2 protein chains.
Amino acid sequence: MAVDIEKANQQVVERMMEARPVVVGVGKARDVIPGMKDNLLLHAGPPITWDRMAGPVKGAAYGALIFEGMAKDDKEAQALIESGKIEFAPCHHYGSAGPMAGLMSPSMMVYIVEDKVSGRKCFSGLNEGRGKVLRMGAYSPDVIAKLKWMNDVLGPTLDAALKDCGGIDLRALLGKALHMADDGHNRLDAASILYTTQLAPSIVKTAKDTNTAAEVIKFLGDNALSILNPVMAGCKAMCDAGHGVEGSTIVTVMARNGTDFGIRVSGLGDRWFTGPAGKVKALYFPGFTEKDANPDIGDSVITETAGIGGFAMATAPAIVTFIGGVAKDAINTTLDMYEICYTEHKYFTIPFLDFRGTPTGIDIRKVVEKGILPRVNTGVAHKDPGVGQVGAGVVTPPANIFEDALVAFAEKYGYA
Amino acid sequence: MAVDIEKANQQVVERMMEARPVVVGVGKARDVIPGMKDNLLLHAGPPITWDRMAGPVKGAAYGALIFEGMAKDDKEAQALIESGKIEFAPCHHYGSAGPMAGLMSPSMMVYIVEDKVSGRKCFSGLNEGRGKVLRMGAYSPDVIAKLKWMNDVLGPTLDAALKDCGGIDLRALLGKALHMADDGHNRLDAASILYTTQLAPSIVKTAKDTNTAAEVIKFLGDNALSILNPVMAGCKAMCDAGHGVEGSTIVTVMARNGTDFGIRVSGLGDRWFTGPAGKVKALYFPGFTEKDANPDIGDSVITETAGIGGFAMATAPAIVTFIGGVAKDAINTTLDMYEICYTEHKYFTIPFLDFRGTPTGIDIRKVVEKGILPRVNTGVAHKDPGVGQVGAGVVTPPANIFEDALVAFAEKYGYA
């Protein structure tokens, strides 16, 4: 079977780079995500059954059901889930991407990101900031109270402002942020204040009152991860633009649910290739050690899949204070990633490498041939439900998933 | 005479680094700058007479007199100046620092920056943004109209917001911005949006109405040099903190008026050492060449004097798109500056050099001994009054001023 892999891959990376995701609004998951159901909880990573779910995902599921008013505490939530009345599905099956546990429930306000090239819409929740948060598996009353404020105040205010300003172009914003020492995943300090600054005039004009405007601007400006969720939905839109091209060996999804690490490949349809989620090499917050750490978790690795995050670390030397290492590691990581990527990004460039494009489009052939695994920067959640973040660091996917995908590719396209 | 130069220099750099300048408010120059007079125009650089003044300073002086209502056009302004009724003095003689022409007139709103350690107050005008602006020597009606808006709307709004939020800590903000790929002089993209983001909630709360709040936030957020002027006043406060220490060979002022480049040295009192302002090695805007360029001009080199700007270029590789060169030059420039500086900054650090402090405290002994001149990043103004900016690039001071200062030092302290 004469499939032209090079041509297919070229098409995939072109589509990924030419996608132009714009944050256009905020709405309730049940109203805006096609197929969302009242008893459905979306989670990060590949599909997984309740019995194998990681602590932080369980904790976030409890929190989501409490938030929804479907349970009054974790015990009720657990009973409800074990009764079989609640369905679970990966965010990725619903055009979405969620950080860490990635929990999205029907009433939650979510960002709507539209790819202006294809019209494709992708989704992600509102970012809660750092500390004790649902995405890290925490579900105490303060966590739920913040989610309610986000739904009642933050979400509607953002929606009005986004509509007033005509949306925020994520590709343009990320291009700028990479020149301001963000990696686009764990370090979004610049992107988050660019976002805040661009939105603020519209927030002022459209918020229901002055106090709300000031409160929302402060919340966005104080949170260095404000823009993480729309960035993830934007990267999802870019990667989806490249998905489903026959004969392509480019990875279009990487995601972890805290138990398994899964990938999808453009030319291999919707099949997941999974292996065990890795242990994160991390800097821990005071009072925590690696014994507390859940394995690698979250959909945020969609940023690396799109050519930023760990792949763009050469733009972000200051990130080493957060995830460990020295500045030289940041450069070397990016240089390594060129070895396994198909191209260099047109719009995401690295000043320190004289504006060379970021490594983009992971090629499963190169990963297997060179024995170099994608590098991921990530936060670390406590392994038990209800605790929260304990550190941050670096991790790689299990090698077998690239090997398995390559075998499947060979079988499908007749190279076996 | 047994002066302990090392001890003196150590004291100077400690004082410079420990100064903590905070932007506390905005007021009219005549109300807030001690000694400001109704017929006094402050300008950048060392003292200069009208006949030797550079085109951009003349243009800015015309504009200032038109803005003050003291002349209706450039001809009237010129006649008024030549009548001898207008006095000129360096910004630096009035605790101030002004970018490019540096013109400050009595009615202009200026930033008040207070060093919380010494209580010293320093001043700088409000930044006009890029393009056709007074500081580049332009004085057309649109330039004057913008100055009026800045005085009537921007200034009072900023003053109220700064008071509401308790002021903006410049040292903390700059430390963060240097980790976000700013150099602190020509590249202030991050610092300006950090400033906007920190001020925005207070602007929303205190502005006279919603439209004003939105307009001011947008003006600040869209201008990548919004914070240049308060940064300059802040660096002036840091440098002044180190000035006047007997026996010190550290430079505490560098400044250019477009004709002369002048320095002052901590241990040599208020004497200026001057030489010809250099030709800037620049990237020119379309339609302009080096024939259009005025020599080096402005007080903004106070940033390099304080240990940022050109000295911190290793933090800001993206600046090469603005001033020319390749990324490696940015690193090398910073490495060179360590050769002529007394210390490494405690609070301003460079991620790419594994958080080494920026080169701080230019030592005239080292400049002369090593033959390495301070590196300055700068904008370039048209040489004729009324035109504006024509490019940006790099420049060094004339070597003689360091030699002259060293000779004066030797004479004063008995080494001759």
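What follows walks through a predicted model, from the contact between its two chains down to individual helices and strands.

The pairing of the chains comes first. Turning chain B by 180 degrees, with 0.0 Å of shift along the rotation axis, lays it on chain A with an RMSD of 0.0 Å. That is how copies are related by a two-fold axis. Within chain B, B:Met180 has the C-alpha nearest this axis, at 2.4 Å.

The contact between the chains draws on 26 residues from chain B and 26 residues from chain A. On the chain B side, the elements giving two or more residues are helix H7 (189–206) and helix H8 (210–222). H7(B) gives the most, with 10 residues. Sorted by class, this side of chain B holds 17 nonpolar, 5 polar and 4 charged residues. Of the interface residues of chain B, 100% are interface residues in chain A as well, so the two copies meet through the same surface.

Next, the layout of a single chain. Chain A is assigned two domains, with domain 1 covering 21–232 and domain 2 covering 242–413. Their C-alpha centres sit 21 Å apart. Across the boundary in chain A, 46 residues of domain 1 are in contact with 47 residues of domain 2. Three helices of chain A each give two or more residues to the domain 1 side, namely H3 (55–68), H6 (170–178) and H9 (228–241). H3(A) gives the most to that side, with 6 residues. The domain 1 side breaks down into 24 nonpolar, 14 polar and 8 charged residues.

Chain A also has an open sheet of 4 strands, ordered S5-S4-S1-S6 and paired antiparallel. Its edges are strand S5 (121–125) and strand S6 (168–169), each of which pairs on one side only. Strand S1 (residues 21–28) and strand S4 (residues 109–115) of chain A run antiparallel and are joined by 7 bridges. To pick out one position, A:Val22 stands opposite A:Glu114 in S4(A). Helix H9(A), one of the helices on the domain 1 side of the domain contact, lies across S1, S4 and S5 of chain A and runs at about 150 degrees to S5(A).

Helix packing can be followed in chain A too. Helix H5 (residues 141–165) packs on helix H7 (residues 189–206) of chain A at about 110 degrees, and the two axes are 8 Å apart. H5(A) is therefore roughly perpendicular to H7(A). From H5(A), the contact uses A:Thr157, A:Ala160, A:Ala161, A:Asp164 and A:Cys165, while H7(A) brings A:Gln198, A:Leu199, A:Ser202, A:Ile203, A:Lys205 and A:Thr206. By class, the residues in this contact are 5 nonpolar, 4 polar and 2 charged.

Over in chain B, 3 strands make up an open antiparallel sheet with the order S10-S15-S14. Strand S10 (281–284) and strand S14 (376–381) of chain B are its edge strands, each pairing on one side only. From one strand to the next, the twist averages 25 degrees. S14(B) pairs with strand S15 (residues 389–395) of chain B through 6 bridges in the antiparallel sense. Among these pairings, B:Ala381 has B:Gln389 in S15(B) as its bridge partner.

Terms used
Residues are numbered from 1 along each chain as its sequence is written. Chains are lettered from A and ligands numbered from 1 in the order in which they are written. This is a predicted model: local features need pLDDT of at least 70, side-chain atom pairs count only at pLDDT 80 or more; totals for chains, interfaces and linings use all residues. Two residues are in contact if their C-beta atoms, placed from the backbone, lie within 7 Å. Ala, Val, Leu, Ile, Met, Phe, Trp, Tyr, Cys and Pro count as nonpolar, Asp, Glu, Lys and Arg as charged, and the others, Gly among them, as polar. Domain bounds come from an automatic or database domain assignment. Copies are superposed by least squares on the C-alpha atoms of residues with pLDDT of at least 70 in both. Two strands pair if DSSP finds at least two bridges between them. Axes are lines fitted to C-alpha atoms, for helices over the stretch in contact, and angles run from 0 to 180 degrees between N-to-C directions. Angles under 35 degrees count as roughly parallel, over 145 as roughly antiparallel, 65 to 115 as roughly perpendicular and the rest as oblique.
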